[in-house]
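Work through these exercises with the model open beside you. Try each task before reading its solution.

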Amino acid sequence: MRRPIFLWILTVIITLSSVVYQRMTGPTYSIRGKTDISGREISYRLLTTHETISDAVMEMTVGDMDVSGRVRWKRFKSYDEWTTDSLNRRDDKLVLAIPKQPAAGKVIYDVSLTGPDGIERKLTDESVIIRFKGVVPPYVLWPHVVFMFIGMLVSNRAGLEAVVGGKGVFSYGLITTILMVLGGLIFGPIVQKYAFGAFWTGWPHGHDLTDNKTFVAIIFWLIALWRSRGGRSGRGWIITASLVTLLIYLIPHSVLGSEIDYTKMEN
């Protein structure tokens, strides 16, 4: 196999693996599982993110009419008392709904099921937190996603090219930087504005890791390009920038993201 083809295959594997890892470990990943109620297995999916246009509705298929459930919830970071609601039944499904919140508003909740034996069982050991976000138009969201994904792809390719001493290092680095600026510093803040009402919530205005990690990656790439300019050998910096980008990409999306502190609003 020719080296460029091998490097591209390795690049795709690294990139897709990092994307899957980020998606599965992030705070916006739905919590899925199964529980046993009176000898019957029940599957569930609990949401951790939802749009502000409606309540967050979740369903579980529970054919046994003797099984009931309840949800206990309150606004996250608030002085609220816990509210307990019974799950509604629709034919063979039990349905729960978390009341919609404004953008960046969070609700903490837990769900329990009770079988014919009268024993109540919580679905999760820890309470679930769901964050609400505004609707982001596809013409804003998709360019952001595409630019960032391809930027990550080319970043990995640049690092591998530098490792093997290839000739396209500077070009790959330049393309990476352009894509990340477009995806992270242009479309990213627009997505953030639609979703949570602010263009930028990272340093120095906040601690949103999504914003901060994008900023850090671009800084490293700018340094790598500067050290590689004019035919200079900046392979070490290209490798460093590529590794930094990969490592910060493994930080789950939306960690330490925008959130409403209801306790401050209620004072």
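The exercises below deal with a predicted model.

**Exercise 1. The nonpolar patch**

Task: Find which residues make the nonpolar surface patch of about 640 Å², and say which helix gives the most to the patch.

Solution:
- Start with the members. They are Val12, Leu16, Leu141, Trp142, Val145, Val146, Phe149 and Ile150.
- Now place them. Helix 1 (3-25) and helix 2 (138-163) are the elements that give two or more residues to the patch.
- Then weigh the two. Helix 2 gives the most, with six residues.

**Exercise 2. One tryptophan**

Task: Decide whether Trp142 counts as buried or exposed.

Solution:
- Locate the residue. Trp142 sits in helix 2.
- Read its relative accessibility. The value is 55%.
- Apply the cut-off. Exposed means over 50% relative accessible area, so Trp142 counts as exposed.

**Exercise 3. A salt bridge between two strands**

Task: Describe the salt bridge of Glu59 and Arg90, and state where each partner lies.

Solution:
- Take the distance. The two side chains meet at 3.8 Å, N to O.
- Check the rule. A salt bridge needs nitrogen and carboxyl oxygen within 4 Å, so the pair at 3.8 Å qualifies.
- Place the partners. Glu59 is in strand 4 (residues 56-61), and Arg90 is in strand 7 (residues 88-90).
- Note the spacing. The pair links distant parts of the chain, 31 residues apart.
- Check exposure. Glu59 has a relative accessible area of 43% and is partly exposed. Arg90 is partly exposed too, at 48%.

**Exercise 4. Two further salt bridges**

Task: For the pair Arg70 and Glu120, and for the pair Glu259 and Lys77, say which parts of the chain are tied together.

Solution:
- Begin with Arg70 and Glu120. Their side chains form a salt bridge of 2.6 Å, N to O.
- Arg70 belongs to strand 5 (residues 68-75) and Glu120 to strand 10 (residues 120-122), so this pair ties together parts 50 residues apart in sequence.
- Arg70 is partly exposed, with a relative accessible area of 33%. Glu120 is partly exposed as well, at 39%.
- Turn to Glu259 and Lys77. Here the salt bridge is 2.4 Å, N to O.
- Glu259 lies in the loop between helix 5 (235-249) and helix 6 (262-265). Lys77 lies in the loop between strand 5 and strand 6 (83-86), so the pair ties together parts 182 residues apart in sequence.
- Both ends are partly exposed: Glu259 at 29% relative accessibility, Lys77 at 37%.
- Add the network. Salt bridges with shared partners join Arg72, Asp110 and Lys122.
- Finish with the total. The count comes to ten salt bridges.

**Exercise 5. The cores**

Task: Find which strand gives the most to the largest nonpolar core, and list the contacts of Val111.

Solution:
- Take the core. It has 24 residues, and those with the most contacts inside it are Met60, Ile98, Tyr109, Val111 and Leu113.
- List the contributors. Strand 2 (40-46), strand 4, strand 5, strand 8 (93-98), strand 9 (106-114) and strand 11 (128-133) give two or more residues each.
- Pick the leader. Strand 9 gives the most, with four residues.
- Look around Val111. Leaving aside neighbours within four places in sequence, Val111 contacts Leu46, Met60, Arg70, Val71, Leu87, Leu96, Arg121, Lys122 and Leu123.
- Search elsewhere. A second, separate core has 18 residues, including Ala158, Val169, Tyr172 and Ile218.

Note on methods. Residues are numbered from 1 along each chain as its sequence is written. This is a predicted model: local features need pLDDT of at least 70, side-chain atom pairs count only at pLDDT 80 or more; totals for chains, interfaces and linings use all residues. Side-chain values use heavy atoms; hydrogens and water are left out. Patches are made of residues with over 30% relative accessible area and no salt bridge: like charges are joined within 9 Å, nonpolar side chains (Val, Leu, Ile, Met, Phe, Trp, Tyr) within 5 Å. Accessible areas come from the Shrake-Rupley method with a 1.4 Å probe; for residues, only the protein chains shown count as cover. Buried means under 20% relative accessible area, exposed over 50%, partly exposed in between (1.4 Å probe, protein chains only). A nonpolar core is a set of buried Ala, Val, Leu, Ile, Met, Phe, Trp, Tyr and Cys residues joined through side-chain atoms within 4.5 Å. Contact means heavy atoms within 4.5 Å.
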